[in-house]
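Reader: Pick one residue of this model and take a close look at its surroundings. Then work outwards, site by site, and finish with the whole chain.

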Amino acid sequence: MTTDFLSLPELKSKLSGLLGYLYPNNDIDALVEDCLEAIGTRLNTDVVPPEQLWSEKDCLLITYGNSIRTPHQKPLHTLKQFLHRHLQDTFSAVHVLPFFPHSSDGGFAVIDYTKVDAELGDWEDIEALAGEFKFMGDLVINHVSSQSGWFRNYQYGKDPGRDYFVEASPHYDLSMVVRPRTSPLLRTIETTEGVKHVWCTFSHDQVDVDFRNPKVLLEYLRIIGLYLDEGIQWLRLDAVAFLWKEIGTACIHLPQTHEVVKLVRLLMEYKNARAILISETNVPNRENLTYFGNSNEAHLIYNFSFPPLVIHALLSGQGHYLKNWLMSMPPSPVGCAYLNFTASHDGIGLRPAEGLLSDVELETFLAALQWFGGRISSRTDNEGNSKPYEANISLFDAFKGTYKGTDRWQEARLLCSQIIMMSLEGIAAFYIHALFATPNDLDKLEATQHNRSINRTNWLLSELEELLQDPNTPQHRIFHELKRLIQIRCEQPAFHPNATQFTLHVQPEVFGFWRQSMQRTQSIFCLNNLSDTPQSISLSNINLISTDSWRDLISGESIDDLHGTLTLTPYQCVWLTNYPQS
């Protein structure tokens with residue numbers, strides 16, 4: 001439910017409760033007014049029922065601002081031209097990864113949140129994209145660049161920034177702190193007040209801000225207000241799980257972090273009733289689900305466990321782990337939805353597979369991805385041991401073969417993975433390099449010596465469009481087939497992000513589930529062959545209603561014998577529906 005159903009006194013009361021928990025020693029009434037001033041003037045006063053925040057017509061494209069380049073043109077302008085020419089009828093939303101001035105980590109070490117990187121374009125380019133698509137941007141909320149104005153002010157004891165950063169003594173016992181990296185947690189820094197040690201969850205160029213200081217909260221609320229004013233309607237909270245620090249704890253998922261997320265959602269909805277908050281929490285599944293809160297935290301959470309499980313299923317030819325995971329997943333709460341993806345600018349996260357894949361399965365999985373050209377990035381666990389954190393590989397090359405070796409089914413496996421992803425309960429998000437069947441970028445990997453670069457290719461527009469126009473290339477075949485499938489998918493009420501979903505019990509080589517529209521007028525039985533051998537399914541076992549006519553949306557073929565056998569070729573997927581053909 002949006003804040004439009006709250007009066008201003010009710011809104012202030014909710015803010016007062018949240019702020020009182022976070023900052024009990026402050027003047028809460030004054031802080032409430034400061035928060036409202038920071039978020040800025042309301043953009044609309046619409047009343048938006050939760051079920052209307054998104055629909056089956058919503059699909060998201062994930063891209064960097066410079067994933068496609070052309071000489072003598074700003075990349076954001078090139079991106080808009082490409083989207084307008086090729087994908088305007090395919091995607092409703094676009095996520096442009098951090099487009100701010102930055103110093104490292106592919107944009108996630110932000111120098112200035114209020115500016116667009118001049119090498120990419122300017123705010124007019126962002127507003128132009130936001131005028132044609134629902135625009136998703138990043139709020140890198142846990143840390144800032146060591147080259148930012150705030151951190152330089154910290155070093156010189158000046159405001160703003162003097163008291164914005166987390167400090168800790170190297171003599172403290174920090175062994176409980178959960179880390180996503182192998183670098184030392186603390187960075188020694190010279191300041192005008194002497195030597196200090198600042199907290200760096202991710203890298204020494206990314207210094208963690210201290211949300212225990214309400215001035216830091218207000219700074220980020222001003223930034224959120226700016227983004228909403230500039231047309232950023234969907235906001236991704238990067239690395240939000242690590243936001244609040246308390247010595248003697250794991251410093252992840254602390255109660256205060258969840259209260260901050262609630263506060264951000266409340267104020268975003270107050271300013272724009274159609275604003276959507278997304279949490280980025282690359283953690284085990286049970287922990288990830290907590291960021292729905294009581295339908296009062298993130299609107300959307302990434303389905304982080306899905307990528308390693310679906311890739312493993314297609315490499316092994318068996319859906320046991322994928323099926324068990326799906327059966328255990330609760331439906332998303334009212335006003336919330338899952339964000340489904342198979343690839344992103346980062347690697348394939350391995351922490352979300354903890355407790356879902358066995359150690360033996362994980363070892364086999366990683367060995368195969370390395371054989372296909374991938375790299376493995378590590379983190380340090382609480383006992384000081386190095387553990388795999390993510391697999392870095394392009395999604396296309398992750399499907400070069402199976403655990404048996406390379407074969408001729410690479411494109412079929414990629415398509416199967418994307419069809420499964422866009423069929424599941426939730427909103428489908430496609431990484432641009434999966435759409436292009438981009439192979440491993442070994443040249444960029446070598447040039448940067450950064451594992452994630454392997455999946456962050458910068459295409460030259462002329463070369464890309466030449467490949468997309470050539471029927472003999474995998475880029476053409478994957479791109480045009482995915483466009484066709486997405487457009488079919490977006491016309492099906494049973495693929496609404498909150499439509500009913502049940503797992504089907506078929507042979508382990510087939511991953512099946514049933515979707516039903518919220519009005520109960522359409523059913524879609526999604527059947528996906530995970531193997532390199534044909535699979536036969538008895539239609540009588542999946543309960544097709546005998547009074548309805550059934551057809552496969554993907555092939556267009558009708559099902560005449562509801563008690564017959566359906567044979568799926570290797571990696572074939574079908575969407576069996578009773579919905580009348582338009």
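## A close look at Asn 285

Author: Asn 285 touches Ser 305, Trp 325, Met 329, Pro 352 and Leu 356, once residues up to four places away in sequence are set aside. This is a predicted model, and everything below should be read that way. Asn 285 sits in helix α8, which covers residues 285–289. Is Asn 285 buried or exposed? Its relative accessibility is 11%, so it counts as buried; the limit for that class is under 20%. Now take one residue further along the chain. Phe 365 is 80 residues from Asn 285 in sequence. Their C-alpha atoms are separated by 19 Å. Phe 365 is not listed among the contacts of Asn 285.

Step back along the chain to Ser 279. This residue belongs to strand β10, residues 276–279. At 1% relative accessibility, Ser 279 is classed as buried. Which residues does Ser 279 contact, apart from neighbours within four places in sequence? They are Leu 237, Val 240, Tyr 291, Ala 298, Leu 300, Ile 301 and Tyr 302.

Next comes the loop between β9 (232–238) and α7 (255–271). Ala 239 lies in this loop, and so does His 253. Most residues other than glycine have a negative phi, and most peptide bonds are trans. Ala 239 goes against the phi pattern: its phi is positive, about 55 degrees, although it is not a glycine. His 253 also has a positive phi, near 60 degrees. Both residues are covered. Ala 239 has a relative accessibility of 4% and therefore counts as buried. His 253 has 18%, so it too counts as buried; here the 20% limit matters.

The backbone has another feature to check. Where is it? The peptide bond from Asp 159 to Pro 160 is cis, and its omega is near -10 degrees. Pro 160 is placed in the loop between α5 (149–156) and β6 (186–191).

Strand β6 leads to Arg 187, which is found in it. Arg 187 has a relative accessible area of 22%, so it is partly exposed rather than buried. Its contacts, leaving aside neighbours within four places in sequence, are Ser 146, Phe 151, Lys 196, His 197, Val 198, Cys 200 and His 204. Ala 168 is 19 residues away from Arg 187 in sequence. In space the pair is 9.7 Å apart, C-alpha to C-alpha.

Now the helix pair. How do α2 and α6 meet? Helix α2 spans residues 28–39, and α6 spans residues 214–229. Their axes come within 7 Å and cross at roughly 30 degrees. An angle under 35 degrees counts as roughly parallel, so α2 runs roughly parallel to α6. On the α2 side, the contact is made by Leu 31, Asp 34, Cys 35, Ala 38 and Ile 39. On the α6 side, Pro 214, Leu 217, Leu 218, Leu 221, Arg 222, Ile 224 and Gly 225 take part. By class, nine of the contact residues are nonpolar, one is polar and two are charged.

Gly 225 deserves its own look. It lies in α6 and is buried, with a relative accessible area of 4%. Beyond four places in sequence, Gly 225 is in contact with Ile 39 and Lys 271. Ile 39 is one of the α2 residues named above. Ala 38 is another. The C-alpha atoms of Gly 225 and Ala 38 are separated by 7.0 Å, yet the two residues are 187 apart along the chain.

Last, the whole chain. Its secondary structure comes to 17 helices and 27 strands. The C-alpha trace spans about 80 × 55 × 50 Å along its principal axes. What radius of gyration would a compact globule of 582 residues have? It would be near 25 Å; the protein has 24 Å, which agrees. Buried residues make up 60% of the 582. Asn 285, Ser 279 and Gly 225 are among them. The exposed surface is about 22400 Å², and carbon and sulfur atoms supply 49% of it. Contacts also reach far along the sequence. Of those between residues at least 6 apart, 71% join residues at least 24 apart.

Conventions: Residues are numbered from 1 along each chain as its sequence is written. This is a predicted model: local features need pLDDT of at least 70, side-chain atom pairs count only at pLDDT 80 or more; totals for chains, interfaces and linings use all residues. Side-chain values use heavy atoms; hydrogens and water are left out. Axes are lines fitted to C-alpha atoms, for helices over the stretch in contact, and angles run from 0 to 180 degrees between N-to-C directions. Helices (H or I, at least four residues) and strands (E, at least two) are DSSP runs, numbered from the N terminus. Angles under 35 degrees count as roughly parallel, over 145 as roughly antiparallel, 65 to 115 as roughly perpendicular and the rest as oblique. Contact means heavy atoms within 4.5 Å. Ala, Val, Leu, Ile, Met, Phe, Trp, Tyr, Cys and Pro count as nonpolar, Asp, Glu, Lys and Arg as charged, and the others, Gly among them, as polar. The radius of gyration is taken over C-alpha atoms; the globule rule is 2.2 Å times the number of residues to the power 0.38. Buried means under 20% relative accessible area, exposed over 50%, partly exposed in between (1.4 Å probe, protein chains only). Accessible areas come from the Shrake-Rupley method with a 1.4 Å probe; for residues, only the protein chains shown count as cover.
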